[in-house]
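Here is a short, friendly tour of one model for you to follow along with in your viewer. Have the sequence and the coordinates open as you read.

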Amino acid sequence: MLFRLGAATAIAALLVPGSAGAQVLNEKNVSVKMALTIAETALAECGDRVSVAVVDRTGRLRVFLQGDGAAPHNIELARRKAYTARTFGRTSAEWAKRTAETPEIAAQRELADVIALRGGVPIKVGNETIGAVGVSGSSSEGDEKCAMAGVAKVADQLK
């Protein structure tokens with residue numbers, strides 16, 4: 001009986017979270033000022049017919065700009081392109097190609113909020129993805145180019 005009680009106590013100690021492994025996390029993220037700079041730069045690069053979305057490290061929307069001439073559906077497309085780039089840490093174009101060519105991961109396309117369209121670009125500090133920008137409303141090549149211009153504008157802050 002004493003052995004069972006001791007074993008149960010030891011197992012309980014392992015299962016109950018304690019302070020031994022607790023720590024404060026220091027995570028880099030996209031500030032609202034950085035997100036606004038990226039979005040404004042992308043919008044200026046592509047013109048007023050696009051929408052631009054910037055998401056943070058968790059995929060939450062930080063900034064959204066819709067050009068005066070943008071189509072209504074561009075709002076959702078820009079957000080989903082940004083979310084896709086953030087989620088997979090690569091451009092939405094790279095992810096679309098990868099999931100099309102690799103049957104084992106093709107089911108990723110069925111995840112909520114991802115989209116296999118060009119125009120989403122991750123925001124990285126080194127190898128760490130801290131957010132992403134998505135642009136929708138010009139050509140697919142143009143969307144990606146404008147998103148990259150937005151990230152390039154803050155490149156000095158991403159070191």
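The notes below deal with a strand, its partners, a disulfide and a helix.

Please keep in mind that this is a predicted model.

**A strand and its partners**

Let's begin with strand β4, which covers residues 128-136. Eight of its nine residues are buried, so β4 is largely enclosed by the rest of the structure. Two pairings involving β4 are set out here.

| Strand paired with β4 | Sense | Bridges | A bridge pair, with the β4 residue second |
|---|---|---|---|
| β1 (residues 51-56) | antiparallel | six | Asp56 and Gly131 |
| β3 (residues 120-125) | antiparallel | six | Val121 and Val133 |

Strands β3 and β4 form a hairpin with two residues between them. In that hairpin, Gly126 takes a positive phi near 65 degrees.

**A serine in β4**

Ser136 also belongs to strand β4. Is Ser136 buried or exposed? Its relative accessible area is 3%, and as the cut-off for buried is under 20%, Ser136 is buried. The side chain of Ser136 makes a polar contact with the side chain of Asn74, at 3.3 Å. If neighbours within four places in sequence are left aside, the residues in contact with Ser136 include Arg49, Val50, Ser51, Leu77, Ala78 and Lys81. Asp143 is also in contact with Ser136, and Asp143 is one of the buried residues of helix α5.

**The disulfide**

How many disulfides does the structure hold? There is one, and it joins Cys46 to Cys146 with an S to S distance of 1.9 Å. Cys46 lies in helix α2 (residues 32-46) and Cys146 in helix α5 (residues 140-153), so the pair ties together parts that are 100 residues apart in sequence. The torsion about the S-S bond is about 95 degrees, and the disulfide is therefore right-handed. Cys146 is buried, with a relative accessible area of 4%.

**The helix that carries Cys146**

Helix α5 has 14 residues. From its first C-alpha to its last, α5 reaches 20 Å, close to the 20 Å expected at 1.5 Å a residue. Alongside Cys146, the buried residues of α5 include Gly142, Glu144, Ala147, Ala149, Gly150 and Val151. What do the buried residues of α5 pack against? They pack against the helices α2, α3 (74-88) and α4 (92-101), and also against strands β3 and β4. Helix α2 holds Cys46, the disulfide partner of Cys146, while β3 and β4 are the strands that pair over six bridges.

Conventions:
Residues numbered from 1 in each chain as written. Predicted model: local features only at pLDDT ≥ 70, side-chain atom pairs only at ≥ 80, totals over all residues. Heavy atoms only, no water. Buried < 20%, exposed > 50% of the residue type's maximum accessible area, 1.4 Å probe, protein only. Helix = DSSP H or I, 4+ residues; strand = E, 2+ residues; numbered from the N terminus. Pairing = 2+ DSSP bridges. Disulfide = S-S within 2.5 Å. Expected span 1.5 Å × (residues − 1). Contact = heavy atoms within 4.5 Å. Polar contact = N/O pair within 3.5 Å; in protein donor to acceptor, adjacent residues only side chain to side chain.
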